[in-house]
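Here are a few exercises to work through at your own pace. Keep the sequence and the model open side by side, and try each task before reading its solution.

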Amino acid sequence: MTMPTPIKAQRGKAPDDNAPHILVVDDDSRIRDLLARYLREHGFHVTTAIDAASARSTMAGLSFDLIILDVMMPQESGLEFARAIRQDSQVPILMLTARAEPEQRIEGLETGVDDYLGKPFEPRELLLRVSNVLRRGANAPSSGEVRMGDFVFHIARGELKRDGDTIRLTERERDLLRYFAQRPGTPVSRHELAKDGEAGGERAVDVQINRLRRKIENDPANPVYLQTVRGKGYILYSE
């Protein structure tokens with residue numbers, strides 16, 4: 001198995017009571033212990049689990065600010081576990097993977113994974129990814145819903161309603177809206193939104209965004225909530 005860049009021990013302050021609590025899930029004991037030690041040395045509370053079953057048991061009694069989850073695990077893979085988590089939780093997930101196939105990254109993002117970090121990785125990049133995911137998570141809606149005027153989108157269920165009435169969404173529209181809703185106020189590039197192998201690529205994203213606007217905007221030609229960011233992509237503003 002590909003290993004991360006060796007993590008050197010550093011002196012760091014002990015985590016304070018308000019420090020983020022991270023759950024590291026990896027069946028490889030060496031990687032799991034290295035990550036736990038390094039994160040603790042940089043001020044985080046850390047709990048570890050050897051597989052999805054162990055993590056699920058731990059999560060039943062503790063709440064976490066972030067889950068670092070390995071893709072390749074026995075019995076239940078990281079992607080399968082992430083999909084199960086997203087049924088009732090929006091806890092941020094950073095996925096570790098030794099594979100770099102676009103299909104896998106896209107599958108994870110569609111499942112609700114917040115970010116990917118490929119092995120081997122530099123310790124400094126790990127900290128940057130963790131900080132970025134935590135910052136996005138702090139800005140995410142705690143209720144599991146985002147409101148856009150008369151529209152309310154329930155993230156876990158993928159359900160859009162207006163004044164109590166359900167608005168029909170295609171599977172792709174649901175995926176796009178969920179992706180935006182998990183990172184409100186954060187610009188998302190067309191490249192990031194484009195599905196691998198999708199006909200038209202980034203152009204297809206523009207078409208899908210226009211269709212989605214017709215369902216969540218009172219005036220799709222002058223969007224208030226799902227706006228274009230020139231040179232970057234799109235951004236969702238919620239209330």
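The exercises below go from the whole chain to the sheet, then to helices and single residues, and they concern a predicted model.

**Exercise 1. Overall inventory**

Work out how many helices and strands the protein has, and what share of its residues is buried.

Solution. Start with the secondary structure: there are eight helices and eleven strands. Next, turn to accessibility: 48% of the 239 residues count as buried. Finally, look at the contacts between residues at least 6 apart in sequence: 61% of these link residues at least 24 apart.

**Exercise 2. Strand order**

Find the order of the strands in the five-stranded open sheet, and name its edge strands.

Solution. Following the pairing across the sheet gives S2-S1-S3-S4-S5, with the strands pairing in parallel. The strands that pair on one side only are S2 (45-49) and S5 (115-118), so these are the edges by the rule that pairing takes at least two bridges. On average, neighbouring strands here are turned by 20° against each other, ignoring direction.

**Exercise 3. Two strand pairs in detail**

For S1 with S2 and for S4 with S5, count the bridges and find a pair of residues that stand opposite each other.

Solution. Begin with S1 and S2, which are parallel and share five bridges. Within this pair, Leu-23 faces Thr-47 of S2. The connection from S1 to S2 passes through H1, forming a right-handed β-α-β crossover. Now move to S4 (residues 93-97), which is parallel to S5 and joined to it by four bridges. Here Met-95 is found opposite Tyr-116 of S5. As background, strands of a sheet pair through backbone hydrogen bonds, in either a parallel or an antiparallel sense.

**Exercise 4. Helices across the sheet**

Determine which strands H1 and H2 lie across.

Solution. H1 (residues 29-41) lies across S1 (21-25), S2, S3 (66-70) and S4. Its direction makes an angle of about 170° with S2. H2 (residues 52-59) lies across S1, S2 and S3, and runs at about 160° to S1.

**Exercise 5. A helix pair**

Decide whether H2 and H3 are roughly parallel or roughly antiparallel, and list the residues that meet.

Solution. First take the geometry: H2 and H3 pack at about 25°, and their axes are 11 Å apart. Angles under 35 degrees count as roughly parallel, so H2 is roughly parallel to H3. The crossing of these two helices is right-handed. As for the residues, Ala-52, Ala-55, Arg-56 and Met-59 of H2 meet Phe-81, Ala-84 and Ile-85 of H3.

**Exercise 6. Buried or exposed?**

Classify Leu-127 and Asp-88 as buried or exposed, then look for partners far along the chain.

Solution. Leu-127 belongs to H5 (residues 123-139). Its relative accessible area is 17%, and because buried means under 20%, Leu-127 is buried. Beyond its neighbours within four places in sequence, Leu-127 touches Tyr-38, Leu-39, His-42 and Phe-44. Of these, Tyr-38 is 89 residues away in sequence, with a C-alpha to C-alpha distance of 9.4 Å to Leu-127.

Asp-88 sits in the loop between H3 (78-85) and S4. Its relative accessibility is 67%, and since exposed means over 50%, Asp-88 counts as exposed. The C-alpha atoms of Asp-88 and Ala-156 are 6.1 Å apart, although 68 residues separate the two along the chain.

Conventions: Residues are numbered from 1 along each chain as its sequence is written. This is a predicted model: local features need pLDDT of at least 70, side-chain atom pairs count only at pLDDT 80 or more; totals for chains, interfaces and linings use all residues. Side-chain values use heavy atoms; hydrogens and water are left out. Axes are lines fitted to C-alpha atoms, for helices over the stretch in contact, and angles run from 0 to 180 degrees between N-to-C directions. Contact means heavy atoms within 4.5 Å. Buried means under 20% relative accessible area, exposed over 50%, partly exposed in between (1.4 Å probe, protein chains only). A crossover is right-handed if, with the strands pointing away from the viewer, the path from the first strand over the helix to the second runs clockwise. Angles under 35 degrees count as roughly parallel, over 145 as roughly antiparallel, 65 to 115 as roughly perpendicular and the rest as oblique. A crossing is left-handed if the near helix is turned anticlockwise from the far one by less than a right angle, and right-handed if clockwise.
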